[in-house]
Amino acid sequence: MLRETLHPNRKNLDSLTSLRFFAAFAIVLYHAQAQFPFLISIAKEFELEQAVSFFFVLSGFILTYAHKNLGLANAKQYLLSRFWRIYPVHVFALATLFLMIPSHCLPLLKDWQVSLAYLTMTHGWIPIQKFYFSWNSPSWSISAEWFFYISLPALLIIGRKKTLLPILITFCSLVSCYLFVSLTKTPLYSMDFISSHGLLYINPLARIFEFALGISIASAREKIPPTKLPTVFELLTLLLTILVCHLSTKLSGLDLISIPAHFILWASHGGLSALSSALLILVFQQEKGFVSKLLKFQPLVLLGEVSFAMYMLHHIFLCYMVECLPLNKSVPDFALFLLILISTSFFVFSFIETPTRKLFKPARKSDKKPDANASMQNLAKLTSKATLALLAIYLTIPGHQNYQRELTETIPFAIESVNFDRRIELCGVYRSNDAIYFRFRAVKQFLLFERVEFQFLDKDLRTRLFLRQGLTAKPEIIAAGELFDLKIPTCIAILQNSSYMSLKIIRQNGRPLYPQNGTRDDNGTRLLIDIKPMPRTAH
């Protein structure tokens, strides 16, 4: 969501803009816990995904506040402006994904139906996981927003007749989805079929109730008198929102009654938080208390402005780190990640979002007729900036890694050299207290862009840890005889309680490189490495 161009008599609600940043930050924390384990304790105590519900309610509120007179007559102009507000960043994020993790994109290109749905922002309308979580998975909520934008003119017309009517109609839509799940016993999750998760958490027909809630409180805001104790009410609504976020994690543990899993899914992710979010927005939009005045601090407002780009890019950056870089676990590493993410988001806001917003700004009657040549020139400049940004991202991505200095402080495993299809040779395997290092040598010159699947296995060959990473972050020509390394983060406890490691090298077409010697699994695709009793610490 972006700040709206408001009617001259309406003020910008900067405190709500700042709150957007904290909601986006909650989503970042939720997705980052796999990369930074110290965040797991936070994610266990709070349903951080509820920030999406806050976005939906806020979107309904802000759009109604900004487009109070919207109807069918001016719906076309409104929809074009909304499309150009979100689509450029949607496409830029997709291009960034292609540059940073092409191995993630290549399999998806084969499914034209999924790709078409993503490009048209309708992938979240299909309650099947391979659609709604395709490509850049957090964008499912942008697909839902696009559905809400299309529905807004009709909901506003209905709401002018009776304020609560949009809530009643959309609640019926939600109930219909819930009854379908209950009566058909739809599975909670499914990759290739309709699921409860897809219908109740993703599907805009179920989530539009939250959007309509925002519409109704925006329509009723002028009828509600200012609170006499604004700071107290602001603190209370903040505490209520945090409390709901915490208590929602406890729903599945209630033993007093048998609660269906799909009800817990809905209630914990959107049902309860929608009401607390609506109350929070209703109080903070008055901007009378001390907390809302703090939120009007311009750096916080700017963070709120860049939150859309931050939301769209964070998961791509996290996936890149998992697949292409050594896993980092410390608080300073997370702070560096946030710095890079916010800096990139600020660039996207400044050079993609803002120019596009100006370029496709709806014309007023008093405005002069736009110059077609000037518009094309501005569009060309915008495209050039986006291309340069993507090129800069690509050029700064590191290629293959070499850990020569770190290898001097490791202990080698007893293993002979292994040749993979006369293309890549595994020269050695080493360990430190927090990582396993594989050293490879190119047997001949080739384009390196393979990825690996690594496992720790117990004595019965059951998986204890599974990781998938790239041998390089981008395609690179590797000369014959050139060395390159792979670092797999681990810990002493996992290493000491495992009996084997397995390594599988995979081409971009999905075919494996077969190890020509050494111990292999039954399919001959994975190299098995026996873990001998190891000392507890590295030299």
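This is a short talk about the salt bridges, one helix pair and one tryptophan in a predicted protein model.

Hi everyone, and thanks for coming. Please keep in mind throughout that we are looking at a prediction.

Let's begin with the whole protein. There are 20 helices and twelve strands to find your way around. The protein has 539 residues, and 53% of them count as buried. Now think about contacts between residues with a separation of 6 or more: 75% of those come from residues 24 or more positions apart.

Next, salt bridges. Side chains of opposite charge can pair when their charged atoms come close. How many salt bridges does the structure hold? The count is eight, and I'd like to walk you through some of them.

Take Lys296 and Glu287. Their side chains form a salt bridge, at 3.4 Å from N to O. Are these two buried or exposed, or somewhere in between? Lys296 counts as partly exposed, because its relative accessibility is 30%. Glu287, on the other hand, is buried, with a relative accessible area of 8%.

Now move along to Glu425 and Arg441, a salt bridge whose closest N and O atoms are 2.5 Å apart. Where do the two partners sit? Glu425 is in strand S3, residues 424–431, and Arg441 is in strand S4, residues 435–442, so this salt bridge ties together parts that are 16 residues apart in sequence. As for accessibility, Glu425 has a relative accessible area of 15% and is therefore buried. Arg441 has 27%, which means partly exposed.

My third example is Arg526 with Glu453, where the closest N and O atoms are 2.8 Å apart. This pair links distant parts of the chain, 73 residues apart. You'll find Arg526 in the loop between strand S11 (512–513) and strand S12 (527–530), while Glu453 belongs to strand S6, residues 451–457. Both Arg526 and Glu453 are buried.

And before we leave the charges, look at Asp458, Asp460 and Arg462: salt bridges link these three in a network.

On to the helices. Please find helix H3, residues 50–66, and helix H13, residues 261–284. They pack with their axes 8 Å apart, at an angle of about 45°. Because of that angle, H3 is oblique to H13. The crossing of H3 past H13 is right-handed.

Which residues meet there? From H3 we have Gln50, Ser53, Phe54, Val57, Leu58 and Phe61. On the H13 side, the residues include Ser268, His269, Gly270, Ala274 and Ile281. Sorted by class, the contact of H3 with H13 has eight nonpolar residues, seven polar ones and no charged ones.

Last stop: Trp125. This residue lies in the loop between helix H6 (112–119) and helix H7 (129–132). With 30% relative accessibility, Trp125 counts as partly exposed. What does Trp125 touch, leaving aside its neighbours within four places in sequence? Its contacts are Ser143, Ala144, Trp146, Phe147, Ile150, Asn203 and Pro204. You can also compare Trp125 with Ser141: they are 16 residues apart in sequence, and their C-alpha atoms are 9.9 Å apart in space.

So, to go back over the tour: we saw salt bridges, including Glu425 with Arg441 and Arg526 with Glu453. We saw H3 and H13 packing at about 45°, and Trp125 in its loop between H6 and H7. Thanks for listening!

Definitions and conventions. Residues are numbered from 1 along each chain as its sequence is written. This is a predicted model: local features need pLDDT of at least 70, side-chain atom pairs count only at pLDDT 80 or more; totals for chains, interfaces and linings use all residues. Side-chain values use heavy atoms; hydrogens and water are left out. A salt bridge is a side-chain nitrogen of Lys or Arg within 4 Å of a carboxyl oxygen of Asp or Glu. Buried means under 20% relative accessible area, exposed over 50%, partly exposed in between (1.4 Å probe, protein chains only). Helices (H or I, at least four residues) and strands (E, at least two) are DSSP runs, numbered from the N terminus. Axes are lines fitted to C-alpha atoms, for helices over the stretch in contact, and angles run from 0 to 180 degrees between N-to-C directions. Angles under 35 degrees count as roughly parallel, over 145 as roughly antiparallel, 65 to 115 as roughly perpendicular and the rest as oblique. A crossing is left-handed if the near helix is turned anticlockwise from the far one by less than a right angle, and right-handed if clockwise. Contact means heavy atoms within 4.5 Å. Ala, Val, Leu, Ile, Met, Phe, Trp, Tyr, Cys and Pro count as nonpolar, Asp, Glu, Lys and Arg as charged, and the others, Gly among them, as polar.
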